[in-house]
Amino acid sequence: MVELARRFVVRERRPRRTRTGVSAPVLAGLAAACIFLVIGCLSSSIFAQQTVAGLAQGVIFSSLALSLVLIYRATEVINFAQGEMAMATTYTAYQLTLWGISYWLAFFLTLGIAFVFGVVVQVAVIRPVQHSVIAVVIVTVGLFLLIDGLVTWRFGADLKFMQAPFGNAVYHVGDVTFARQDLGTLIVSIVSVLLLWALFRFTKLGLAMRAAALRPAAAALVGVRVNWMLAIGWGLAAVLGAVAGLMTEPTQFLQPTMMQAVLLYAFAAAVLGGLESPAGAVIGGLALGVFLNLVGQYVGFATSELRLPIAFAVLLGVLLLKPTGIFGHKKVQRV
Amino acid sequence: MKPRVPAGLPAAAIAATVLALLPFTLSGYHQGLASEVAIYFIAILGLNILTGYTGQISIGHGAFMAIGGYTTAVMSHYHHTNLILTLPLAFAFAFACGVLVGIPALRFSGVYLALATFAFAVSVPQLALKFSRFFGGSNGLQASRTVSHTWLYATSWSCAAILFAVAWLLLGGRTGRAFRAVRDSEVAAVSTGISLPIYKILSFGVSAAFAGVAGSLFVIHTNGFAQPNEFGVILSLQILIGAAVAGLGSLWGVLAGALFVGLLPNLSTSVPLIGSSHGQDVVFGLIVIAIMLLLPNGVAGLLARFARLRARA
């Protein structure tokens with residue numbers, strides 16, 4: 001009897017915790033880095049200033065990295081044209097302000113245009129070649145050249161200037177000087193990231209998009225229009241890219257090449273974070289921005305030519321220790 | 001491979017004859033263009049070995065070209081080595097670098113590998129800028145002598161022919177089968193006794209060596225100047241585009257890919273309406289997208305389709 005009872009008892013399943021993919025050593029490392037930064041900021045004003053400037057730069061890397069991650073999660077491809085799309089939308093905002101529209105109205109109009117642009121790109125040229133990763137990569141490379149050529153043709157390669165969105169004021173806290181521009185960039189980018197997170201977390205559309213990305217077949221069976229969800233994903237990625245572009249403009253000014261270096265740092269940030277993890281992309285971008293600024297300040301050997309190689313050396317170092325990035329999961333491969 | 005030999009060999013022989021006779025009818029400028037096509041031919045061939053046959057995506061072949069190119073420039077500038085002799089040196093040095101890059105690349109796959117090689121492509125020209133004392137900075141480093149168009153044409157197409165034969169023999173044999181097994185399924189390859197590290201690293205080395213020779217010829221082509229901005233990211237992307245147009249995993253489309261990448265930018269500058277360097281980007285981008293949409297397997301896929309049609313008829 002006891003034997004039988006034991007057999008039929010259904011073992012209660014423990015509620016599974018959602019895996020965040022963060023292991024203890026990684027968390028400890030991040031905490032140590034934060035403590036180091038805080039102590040550094042308290043003990044040296046130059047350090048604090050570089051940290052804030054680095055965060056402002058890093059948050060731009062984060063936005064663009066996040067837009068790469070959005071697309072990667074849905075279709076496992078990398079959009080090499082993401083930076084150029086951001087650049088094109090920034091030029092759109094410039095054109096709108098030339099027509100006499102105020103900066104912030106142009107800002108929001110541009111985000112709408114960027115969304116449509118992203119959707120159109122996905123439907124027109126990405127969807128037909130979706131099945132092959134290498135074909136998508138090459139199509140995005142083609143888009144890169146196409147957008148670059150079109151913008152240069154229309155606007156020329158020389159520097160253009162827009163009105164500074166946050167003014168040129170600076171704040172003094174003790175010995176430390178903060179640019180209002182940097183703080184504004186931080187706030188705008190963080191707000192857009194949070195809005196995006198809320199969209200994915202709390203709305204039905206976000207749920208459908210997550211379903212389409214994770215289990216396309218199952219999502220289609222319960223009535224999610226998978227193809228449209230992917231297109232909307234591209235649209236949202238383009239919106240984030242537009243934010244990154246508009247926030248890059250005050251420091252780099254408008255030129256067709258303005259987003260190319262940013263895109264490379266965003267690649268590094270996204271891979272650092274694990275390519276599949278939105279939180280990882282954000283943390284990766286911030287960490288990279290701060291790290292590069294501090295290294296540039298304190299290491300004499302690291303001149304400006306070495307900025308990119310250093311970023312990629314860090315990336316390679318992290319990847320060699322943990323090939324799927326800080327927040328990534330290892331995938332089991334079946335034959 | 002057997003049934004391919006009768007189809008491929010006559011085609012190769014005809015191509016070789018045409019190429020040997022061409023310089024008698026071409027002007028110096030056009031011989032230069034034809035040499036450029038040969039350079040892309042070699043680079044695309046190299047990338048095809050790695051990406052098409054072994055399945056390892058690389059967006060960093062411009063960096064291996066830079067390594068080969070700077071080998072030639074440094075040897076010629078500082079040691080006055082004969083330019084022909086620098087070609088095998090570039091081959092060997094780029095092979096060594098390819099092996100060195102291939103070892104850490106074992107840890108990556110797919111998109112991660114693509115991004116890691118991309119990082120490599122971005123970093124190498126920056127190193128040439130950083131150590132500008134030795135490498136001449138952004139002005140570049142010049143080889144000690146320049147050559148005529150005919151010399152360059154003969155040398156580059158001879159190299160292309162030799163390397164094509166090497167690739168054909170390598171890929172048709174045991175090594176090629178091992179490469180393709182690694183590409184199609186790593187797990188299945190391992191379980192049939194193929195060593196993944198050895199073949200992946202070998203593929204990286206050979207592929208880089210081809211790119212190194214291409215880079216070396218590239219430097220000779222640009223009047224012996226090795227400049228960092230010549231070896232930028234765009235070069236790596238162009239080689240990748242060429243390989244995709246040619247068709248990955250087949251040797252028969254490589255010439256078409258090389259013609260596309262080598263000639264299209266020069267042809268599209270004469271397009272009316274947008275005949276400027278930006279118009280060139282527009283046309284190039286449009287055609288790349290169109291080809292990927294219409295011919296997902298590149299020119300080699302098209303050729304294979306024709307061959308099948310003929311076999312059925």
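The following dialogue concerns a predicted model and the grounds for several descriptions of chains A and B.

Visitor: Why is α10(B) called largely enclosed by the rest of the structure?

Guide: A residue is buried if 20 or more other C-beta atoms lie within 10 Å of its own. Of the 26 residues of α10(B), 21 are buried, so the helix is largely enclosed by the rest of the structure.

Visitor: What makes the span of helix α10 of chain B close to the expected one?

Guide: The expected span is 1.5 Å times one less than the number of residues. Helix α10 of chain B, residues 196–221, has 26 residues, for which 38 Å is expected, and its first and last C-alpha atoms are 37 Å apart. Just after α10(B), N223(B) takes a positive phi of about 55°.

Visitor: How do you know that the radius of gyration of chain B agrees with that of a compact globule?

Guide: For 313 residues, a compact globule would have a radius of gyration near 20 Å, and chain B has 19 Å, so the two agree. The C-alpha trace of chain B spans about 55 × 45 × 35 Å along its principal axes, and its secondary structure consists of 14 helices and 2 strands. Buried residues make up 51% of chain B.

Visitor: Why is chain A, with its 13 helices and 2 strands, called as compact as a globular protein of its length?

Guide: The globule rule gives 20 Å for 335 residues, and the radius of gyration of chain A, 22 Å, is close to that value; therefore chain A is as compact as a globular protein of that length. Its C-alpha atoms fill a box of roughly 85 × 50 × 35 Å along the principal axes. Buried residues make up 46% of chain A.

Definitions and conventions: Residues are numbered from 1 along each chain as its sequence is written. Chains are lettered from A and ligands numbered from 1 in the order in which they are written. This is a predicted model: local features need pLDDT of at least 70, side-chain atom pairs count only at pLDDT 80 or more; totals for chains, interfaces and linings use all residues. Helices (H or I, at least four residues) and strands (E, at least two) are DSSP runs, numbered from the N terminus. A residue is buried if 20 or more other C-beta atoms lie within 10 Å of its own, exposed if 12 or fewer, and partly exposed in between; C-beta atoms are placed from the backbone. The radius of gyration is taken over C-alpha atoms; the globule rule is 2.2 Å times the number of residues to the power 0.38.
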